[in-house]
Amino acid sequence: MATVELTSTNFDEVTGQDGIVLVDFWASWCGPCLRFAPLYERSSEKHEEITFGKVDTEAQQELAAKFDIRSIPTIMAIRDGVIVFAQPGALPEAALESLIEQVQALDMDDVRAQLAGHQH
C-alpha cells in the first residue's frame, strides 16, 4: 500500500480505526525527511496490513502543534487508536522494521490497562 496523506480532515478517522497506523511527520525542506521517505515507502509496500501515513508539517501546522512536533522527521505509531510510540529522528530501515515488530507484538489490553492506571 502506498502512503496516505494525513490532514486535519482525515487524521482522526484514519488513526482511530483498528490496526496499526504509522505516521511520518515531515516537511519538504527537511533533508533527513527526504532521505527517510524512500525507506518509509519501501516499508509500506512490504507491510500492506499497516497504514503508512504522512503529515506535511508545513501544510498541516495545526496537526504538528496538536502532537507537539518539535523536530522532524518524527515517527509515531498508533495501534487501535492508541499512540504507542512517538520519537523524532529518521529511523534506519532495521530500526523501522523492529518498531513494526514491537508494535505488532503489543498486548493492547495490557496497554489500555496501563493507560487507565495513569489517568487518575
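# Chat about a predicted five-strand model

User: What does the secondary structure of the protein come to?
Analyst: Five helices and five strands. Keep in mind that this is a predicted model.

User: And what pattern does it follow along the sequence?
Analyst: Read along the sequence, the protein goes β-α-β-α-β-α-β-β-α-α. The radius of gyration is 14 Å, close to the 14 Å that the globule rule gives for 120 residues, so the protein is as compact as a globular protein of that length.

User: What box do the C-alpha atoms fill?
Analyst: Roughly 40 × 30 × 20 Å, taken along the principal axes. The accessible surface comes to about 6,600 Å², and 51% of that surface belongs to carbon and sulfur atoms.

User: What share of the residues count as buried?
Analyst: Of the 120 residues, 42% count as buried. As for contacts, take those between residues at least 6 apart in sequence: 73% of them join residues at least 24 apart.

User: On to the sheet. In what order do the strands come?
Analyst: The order is S1-S3-S2-S4-S5, in an open sheet with mixed pairing. S1 (4–5) and S5 (82–88) stand at the edges with a single partner strand each, so one side of each has no neighbour in the sheet.

User: How does S1 pair with S3, parallel or antiparallel?
Analyst: Parallel, over two bridges, with S3 covering residues 51–56. Glu5 stands opposite Lys54 in S3.

User: Which helix packs on the sheet and touches S2, S3, S4 and S5?
Analyst: That is H4, residues 93–105. The direction of H4 makes about 20° with that of S4.

User: Where does H5 lie?
Analyst: H5 (residues 108–118) lies across S4 and S5. The angle between H5 and S5 is about 80°.

User: S4 keeps coming up. How many of its residues are buried?
Analyst: Six of the six residues of S4 are buried, so the strand is largely enclosed by the rest of the structure.

User: Which residues of S4 point which way?
Analyst: Thr74, Met76 and Ile78 point one way. Ile75, Ala77 and Arg79 point the other way, and Arg79 is buried along with the rest.

User: How many bridges join S2 to S4?
Analyst: Six, and S2 and S4 run antiparallel. Val23 stands opposite Met76 in S4.

User: And how many join S4 to S5?
Analyst: Six bridges join S4 to S5, and these strands run antiparallel. Met76 stands opposite Ala86 in S5. So Met76 has Val23 opposite on the S2 side and Ala86 opposite on the S5 side.

User: What do S4 and S5 form together?
Analyst: They form a hairpin, with two residues between the strands. Asp80 sits in the turn with a positive phi of about 50°.

User: Why flag that phi?
Analyst: Because most residues other than glycine have a negative phi. Asp80 has a positive value although it is not a glycine. At 23% relative accessibility, Asp80 counts as partly exposed, since buried would need under 20%.

User: Which other residue has a positive phi, near 55°?
Analyst: Asp68, again a residue other than glycine. Asp68 is in the loop between H3 and S4. Its relative accessibility is 48%, so Asp68 counts as partly exposed, with exposed starting over 50%.

User: Switching to the backbone: which peptide bond is cis?
Analyst: The one from Ile72 to Pro73, with omega near 0°. Most peptide bonds are trans. Pro73 is placed in the loop between H3 (61–66) and S4, and Asp68 is found in that loop too.

User: Last topic, cysteines. How many disulfides does the count come to?
Analyst: One. The disulfide joins Cys30 to Cys33, with an S to S distance of 2.3 Å.

User: Is the link right-handed or left-handed?
Analyst: Right-handed, with 80° about the S-S bond.

User: Are Cys30 and Cys33 buried or exposed?
Analyst: Both Cys30 and Cys33 are buried.

Conventions: Residues numbered from 1 in each chain as written. Predicted model: local features only at pLDDT ≥ 70, side-chain atom pairs only at ≥ 80, totals over all residues. Heavy atoms only, no water. Pairing = 2+ DSSP bridges. Helix = DSSP H or I, 4+ residues; strand = E, 2+ residues; numbered from the N terminus. Contact = heavy atoms within 4.5 Å. Axes fitted to C-alpha atoms, helices over the stretch in contact; angles between N-to-C directions. Buried < 20%, exposed > 50% of the residue type's maximum accessible area, 1.4 Å probe, protein only. Disulfide = S-S within 2.5 Å. Rg over C-alpha atoms; globule rule 2.2 N^0.38 Å. Areas by Shrake-Rupley, 256 points an atom, 1.4 Å probe, with all protein chains shown as cover.
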